Amino acid sequence: VRKELGTSAADSARLAGNMSVASFQARLLGGDTQAAASAVTSLTREFGSLDAVSASVARQAGSITAQFGIGGENLGKLTKQMSVLNGGSLETNLNTLETVGNLARAERVAPADVLNDMAENTETFAKFSMQGGKNLAKAAIEARKLGLNLSAVDKISESILDIEGSIEKQMEASVLLGRQLNLDKARELALSGDLEGVLAEVKNQVGGAEALSRMNVVQRKALADAVGLEVSELSKLASGQDNVNKLANEQFASQIKTFTTIAGIATI
């Protein structure tokens, strides 16, 4: 630690102790001990103080890396970004990351993908983050459901907020598709930082995989340009929505089956 950070013997010993605390907590939960130790170093660097990380913070950092798979460096970067936005304590922002991880699990999305995606898109975070980053977390989760990431959502938002160019592309796509493409609502949502809403509105405008399959090459390219994506990303968005709908229907059917079974047992 002393060689890496140039700290005094006393500070190095304390940091090494916190790294050990984080590693031990990660080991208890079956996580990566190196990622946990790296999280302590990253938090120390990002917050610019040798006193930023306490033993309790180190334990919490180790727990988060183990439970949700976020890398140590990314945990430090993301926690700092959230702190800049909402001014909360380090502990408060780590609690928020745990909430995001649990929300991703509840939505059947890999938490590591969501948290690392948020950490690796710091520019998107700085531009569009609202409510302490919760809107970005929701957008990241929805994007992952479709096989996309925050970078793709950022591309959509930046493209449609180029008002003049976006309207021109929208009109061109409408002519080629033979139907009206309207991204006004998506622009309004992007201006307010609602990237989850942007993604939902663009999905509605694009349609599903079946509609995309009926388009020719020129039409697909025009539609992709209008929403700021590559054609491959547009295909993921369209097919991803169909998969989301399919999973939702299967889950609903399963719930109905379970309810019917329980009702049948209750009447015996």
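# Exercises on surface patches, salt bridges and helix ends

Phe24, Leu28 and Leu29 make a nonpolar surface patch of about 300 Å². The structure is a predicted model, and the exercises below work through its surface, its charged pairs and one of its helices.

**Exercise 1. Determine where Leu29 of the nonpolar patch lies, and decide whether Leu29 is buried, partly exposed or exposed.**

Solution. Begin with the position along the chain: Leu29 belongs to the loop between α2 (9-28) and α3 (33-46). Next take the relative accessible area, which is 41% for Leu29. Buried residues have under 20% and exposed residues over 50%, so Leu29 is partly exposed. A residue also needs over 30% relative accessible area to enter a patch, and the 41% of Leu29 satisfies that cut-off.

**Exercise 2. Name the residues of the negative surface patch, then place Asp162 in the chain and classify its accessibility.**

Solution. The negative patch is formed by Asp162, Glu164, Glu168 and Glu172. Of these residues, Asp162 is located in the loop between α10 (150-160) and α11 (163-177). The relative accessible area of Asp162 is 45%, and Asp162 is therefore partly exposed.

**Exercise 3. Find how many salt bridges the whole structure holds, and analyse the pair formed by Arg14 and Asp51.**

Solution. A search of the whole structure gives 11 salt bridges. In one of them, the side chains of Arg14 and Asp51 meet with an N to O distance of 3.1 Å. This pair connects distant parts of the chain, since Arg14 is in helix α2 while Asp51 is in the loop between α3 and α4 (55-68), 37 residues apart. The two partners can then be classified by accessibility: Arg14, at 30%, counts as partly exposed, whereas Asp51, at 60%, counts as exposed. As a general point, side chains of opposite charge can pair when their charged atoms come close.

**Exercise 4. Contrast the salt bridge of Glu158 and Lys127 with that of Lys221 and Asp225, asking in each case where the partners lie.**

Solution. Start with Glu158 and Lys127, whose closest N and O atoms are 2.8 Å apart. Glu158 is in helix α10 and Lys127 in helix α8 (residues 122-128), and the pair links distant parts of the chain, 31 residues apart. Glu158 has a relative accessibility of 39% and counts as partly exposed, and Lys127, at 36%, also counts as partly exposed.

Turn now to Lys221 and Asp225, where the closest N and O atoms of the salt bridge are 3.0 Å apart. Both residues lie in helix α15, 4 residues apart, which is about one turn of the helix. In general, an α-helix has 3.6 residues a turn, so residues three or four places apart point the same way. Lys221 has a relative accessibility of 43% and counts as partly exposed, and Asp225, at 30%, is partly exposed.

Beyond such pairs, a network of salt bridges links Glu107, Glu142 and Lys145.

**Exercise 5. Describe helix α15 from its N-terminal end to the residue that follows it, and list its buried residues.**

Solution. At the N-terminal end, Asn216 acts as a cap, with a side-chain oxygen 3.1 Å from the backbone nitrogen of Val218. Within the helix (residues 217-227), the buried residues are Gln219, Ala222, Leu223, Ala224, Ala226 and Val227. After the helix comes Gly228, which has a positive phi, near 80 degrees.

**Exercise 6. Explain what is notable about the phi of Arg108, and state where Arg108 lies and whether it is buried or exposed.**

Solution. The phi of Arg108 is positive, about 65 degrees, although Arg108 is not a glycine. Arg108 sits in the loop between α6 and α7 (111-119), and at 75% relative accessibility it counts as exposed.

**Exercise 7. For Ala186 and for Thr99, give the helix and the accessibility, and then the C-alpha separation from the partner residue.**

Solution. Ala186 is in helix α12 (residues 184-191) and, at 0% relative accessibility, counts as buried. The C-alpha atoms of Ala186 and Val198 are 4.9 Å apart, although the two residues are 12 apart in sequence. Thr99, in turn, is in helix α6 (residues 90-106) and is exposed, with a relative accessible area of 53%. Between Thr99 and Lys134, 35 residues apart along the chain, the C-alpha separation is 9.7 Å.

Notes. Residues are numbered from 1 along each chain as its sequence is written. This is a predicted model: local features need pLDDT of at least 70, side-chain atom pairs count only at pLDDT 80 or more; totals for chains, interfaces and linings use all residues. Side-chain values use heavy atoms; hydrogens and water are left out. Patches are made of residues with over 30% relative accessible area and no salt bridge: like charges are joined within 9 Å, nonpolar side chains (Val, Leu, Ile, Met, Phe, Trp, Tyr) within 5 Å. Accessible areas come from the Shrake-Rupley method with a 1.4 Å probe; for residues, only the protein chains shown count as cover. A salt bridge is a side-chain nitrogen of Lys or Arg within 4 Å of a carboxyl oxygen of Asp or Glu. Lys and Arg count as positive and Asp and Glu as negative; His and the chain ends are not counted. The place of a charge is taken as NZ of Lys, CZ of Arg, CG of Asp or CD of Glu. Helices (H or I, at least four residues) and strands (E, at least two) are DSSP runs, numbered from the N terminus. Buried means under 20% relative accessible area, exposed over 50%, partly exposed in between (1.4 Å probe, protein chains only). A polar contact is a pair of N or O atoms within 3.5 Å; within protein, one must be able to donate a hydrogen and the other to accept it, and residues adjacent in sequence count only if both atoms are side-chain atoms.
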